[in-house]
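Here are some short exercises to work through with the model open beside you. Try each task before reading its solution.

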Amino acid sequence: MTQPDLPSMDGTTPVQRARLAHEATRDLTTAEQLGYLKRYKQESDAHRRERPIPHYAATQPARRRLAAVAAVPFAAGMAAAVLVPLLDNNEVRALLHLACGFASALALLVGLPLLVRANRNLAGAPDPLLDERELDERGHIYTRAYTLLSLCIGVLPLLAITDELIQQWSIPPQGGLALVIGVALTAVMLPSAVSTWCWQDAPE
Amino acid sequence: LYNRLPVLRAERSVTRAELALAVGVNPQTIGFLERGDYGPTLDLALRICEYFHLPVEAVFSLREFTPMSSHLYPRSDEEKSP
């Protein structure tokens with residue numbers, strides 16, 4: 001049986017494409033559906049890579065400002081763990097914890113898609129879609145992201161030791177959790193953020 | 001690593017996109033090569049040379065290329081000098 005055509009990637013929304021793909025594969029066997037979905041993913045990844053750099057990331061200063069969004073979950077986690085416990089008022093403390101959590105979630109849910117679009121998904125694209133220069137560049141990006149992540153993780157034992165030494169100032173258990181979540185969310189965003197930070201404009 | 005890609009492309013009216021498609025890279029990579037911001041692997045260098053039907057030393061060099069015009073039209077005072 002011949003495989004049905006993939007939905008057009010231009011002029012359709014992801015929801016419309018998903019609906020078309022669902023209709024096209026309804027009568028296929030499981031193996032055929034898997035084959036169709038594999039082709040669909042390849043086409044979709046290639047289409048995502050072909051999109052031009054959006055206007056909000058057109059210049060290097062704009063890209064670097066956007067890349068700084070990856071630091072938001074880490075900074076919010078630090079604030080929730082270290083600064084908020086210093087406050088006396090419980091209500092204000094709870095409110096600030098909530099604000100830190102909201103800022104982290106917003107940075108991830110809004111910032112990450114913007115970052116991915118700004119570097120044409122260089123950090124996450126499948127290998128066959130990248131040429132040798134891009135694969136080489138991605139290697140450098142992962143090295144830098146790994147170094148930065150090591151530094152972020154290095155802060156955790158450092159804080160624990162400091163907390164032990166200075167008895168008057170103590171990080172509560174929920175503060176430690178906020179810090180770990182902050183580092184984890186930053187870790188998710190780091191490769192795309194580094195890629196956006198290092199992105200060079202294509203020659204004229 | 002220096003190269004003559006801009007000259008060769010202009011001479012043969014080949015766009016970056018056409019060359020990129022022929023050698024299997026993204027057009028931006030051709031731009032980075034021409035600007036000297038990226039040194040190609042041996043594999044890519046050979047594919048580019050194959051596309052232009054030229055030996056490697058005609059397209060890539062470790063030293064800066066002299067202008068093609070000076071090869072075609074050497075200065076007369078150089079020819080006459082003892």
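The exercises below look at a cavity, a nonpolar core and two residues of one helix.

Two notes before you start. This is a predicted model, in which local features need pLDDT of at least 70 and side-chain atom pairs count only at pLDDT 80 or more, while totals for chains, interfaces and linings use all residues. Residues are numbered from 1 along each chain as its sequence is written, chains are lettered from A and ligands numbered from 1 in the order in which they are written, and side-chain values use heavy atoms, with hydrogens and water left out.

**Exercise 1.** Find the largest cavity and describe its lining.

*Solution.* Start with the term: on a 1 Å grid over the protein atoms alone, a cavity is a set of points where a 1.4 Å probe fits but cannot get out, and lining residues have an atom within 4 Å of a point. Next, count: there is one cavity of 30 Å³ or more. The volume of the largest cavity is about 40 Å³, taken as the space filled by probe spheres set on the points, which are joined across faces, edges and corners. Then list the lining: Arg48(A), Arg51(A), Val116(A), Arg117(A), Arg120(A) and Asn121(A). Finally, sort these residues: four are charged, one is polar and one is nonpolar.

**Exercise 2.** Work out which helices supply the largest nonpolar core.

*Solution.* Such a core is a set of buried Ala, Val, Leu, Ile, Met, Phe, Trp, Tyr and Cys residues joined through side-chain atoms within 4.5 Å. Here the largest one has 18 residues, and those with the most contacts inside it include Leu5(B), Leu19(B) and Ile30(B). In chain B, helices H1 (5–11), H2 (16–23), H3 (27–35) and H4 (42–52) each supply at least two of its residues. H4(B) gives the most, with five residues. Helices here are DSSP runs (H or I, at least four residues), numbered from the N terminus.

**Exercise 3.** Is Thr196(A) buried or exposed, and what about Val188(A)?

*Solution.* Buried means under 20% relative accessible area, exposed over 50%, and partly exposed in between (1.4 Å probe, protein chains only). Thr196(A) sits in helix H7 (residues 173–198) of chain A, and Val188(A) lies in H7 of chain A too. At 0%, Thr196(A) is buried; at 49%, Val188(A) is partly exposed. Now look at the neighbours. Setting aside residues within four places in sequence, Val188(A) is in contact (heavy atoms within 4.5 Å) with Leu108(A) and Leu112(A).

Note on methods. 1 Å grid on protein atoms, 1.4 Å probe; cavity = no way out; pocket = protein on both sides within 12 Å on 5 of 7 lines; lining within 4 Å. Nonpolar A, V, L, I, M, F, W, Y, C, P; charged D, E, K, R; others polar.
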